[in-house]
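Hi,

Here is the structure I said I would pass on. Have a look at it first, and my notes on what turned up are underneath.

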Amino acid sequence: MKKSKSTSKTAKARAKTAPKKPAPKKAKKAPKKVSPVPAGYHTVTPVLVCRNAAGAIDFYKKAFSAKEISRMPMPDGTVAHAELQIGDSRIMLGDEMPAMGASAPQTVGGSPVHIFLYVPNVDQMFQRAIAAGATPEMPPMDQFWGDRYGKLTDPFGHKWNLATHIEDVSEKEMIRRGKEAMSQQG
């Protein structure tokens, strides 16, 4: 049997006034998994506070072949934050801001922290850093633990230990050599 036009109009009218079913909710996208350590970083990243951070950036480029990743200048031209890549590691640095608890080594009477930097040729890198303005503290020498190792202070008060690994030494042999080395120091 054929529906009459009036019946179909009534059905259409009811459909318009009937409560609509809610549209199915779209599934929320799962948040993108974010690594807890950003790409390009390691789990430990030194942050250096400097007087004249712009000068320090230039020094690290000359002395250690650093590559500048980013720099955020303050309105007065000082550096709020910068990041450099040295080898496979990053360092962060910025100008001294005592009001924010960021004091340079000169303000606090020196730095008790040393940055240990492995390089392919410690003698060459040591001389390069001296030529760029670093102060030598100990020239590179072969050490009992298997590194050729030297120490210097950069012009901004930060201490750097430079090393090239030259020998794999067992723990037992390192202890023996260490005792011998310490007994010769007096």
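**The helix pair**

Let's start with α2 (residues 53-64) and α3 (residues 122-132): these two helices pack at an angle of about 145 degrees, and their axes are 8 Å apart. The crossing of α2 past α3 is right-handed. Before you go further, bear in mind that this is a predicted model.

Which residues make the contact? On the α2 side you'll find Phe 59, Lys 61, Lys 62, Ala 63 and Phe 64, and they meet Met 125, Arg 128, Ala 129 and Ala 132 of α3. Sorted by class, that contact has 6 nonpolar and 3 charged residues, with no polar ones.

**The sheet**

Next up is an open sheet of 4 strands, with mixed pairing and the order β5-β8-β7-β6. β5 and β6 (135-142) sit at the edges, each pairing on one side only. On average, neighbouring strands in this sheet are turned by 15 degrees against each other, ignoring direction.

If you want to zoom in on one pairing, try β7 (residues 147-153) with β8 (residues 159-165): the two run antiparallel and are joined by 7 bridges. For a spot to click on, Leu 152 has Trp 160 in β8 as its bridge partner.

**The pockets**

The largest pocket comes out at a volume of about 330 Å³. It is lined by 19 residues, and the ones closest to its centre are Ile 86, Asp 88, Ser 89, Phe 116 and Leu 117. Both β4 (89-95) and β5 (114-118) supply at least two residues of that lining, and β5 has the largest share, with 4 residues. So β5 turns up twice in these notes: as an edge strand of the sheet and as a contributor to this lining. By class, the lining of the largest pocket has 13 nonpolar, 4 polar and 2 charged residues.

What about the second largest pocket, and what is its volume? That one is about 180 Å³. Its lining has 13 residues, and Val 47, Leu 48, Ser 111, Val 113 and His 158 are nearest the centre. Strand β1 (residues 47-50) gives the largest share here, 3 residues. The class split for this second lining is 9 nonpolar and 4 polar, with no charged residues, whereas the lining of the largest pocket does have 2 charged ones.

That's it from me. Shout if you'd like to go through any of it together.

Cheers

Notes. Residues are numbered from 1 along each chain as its sequence is written. This is a predicted model: local features need pLDDT of at least 70, side-chain atom pairs count only at pLDDT 80 or more; totals for chains, interfaces and linings use all residues. Side-chain values use heavy atoms; hydrogens and water are left out. On a 1 Å grid over the protein atoms alone, a cavity is a set of points where a 1.4 Å probe fits but cannot get out, and a pocket is an open set with protein on both sides within 12 Å along at least five of seven lines; lining residues have an atom within 4 Å of a point. Grid points are joined across faces, edges and corners, and a volume is the space filled by probe spheres set on the points. Ala, Val, Leu, Ile, Met, Phe, Trp, Tyr, Cys and Pro count as nonpolar, Asp, Glu, Lys and Arg as charged, and the others, Gly among them, as polar. Axes are lines fitted to C-alpha atoms, for helices over the stretch in contact, and angles run from 0 to 180 degrees between N-to-C directions. A crossing is left-handed if the near helix is turned anticlockwise from the far one by less than a right angle, and right-handed if clockwise. Contact means heavy atoms within 4.5 Å. Two strands pair if DSSP finds at least two bridges between them.
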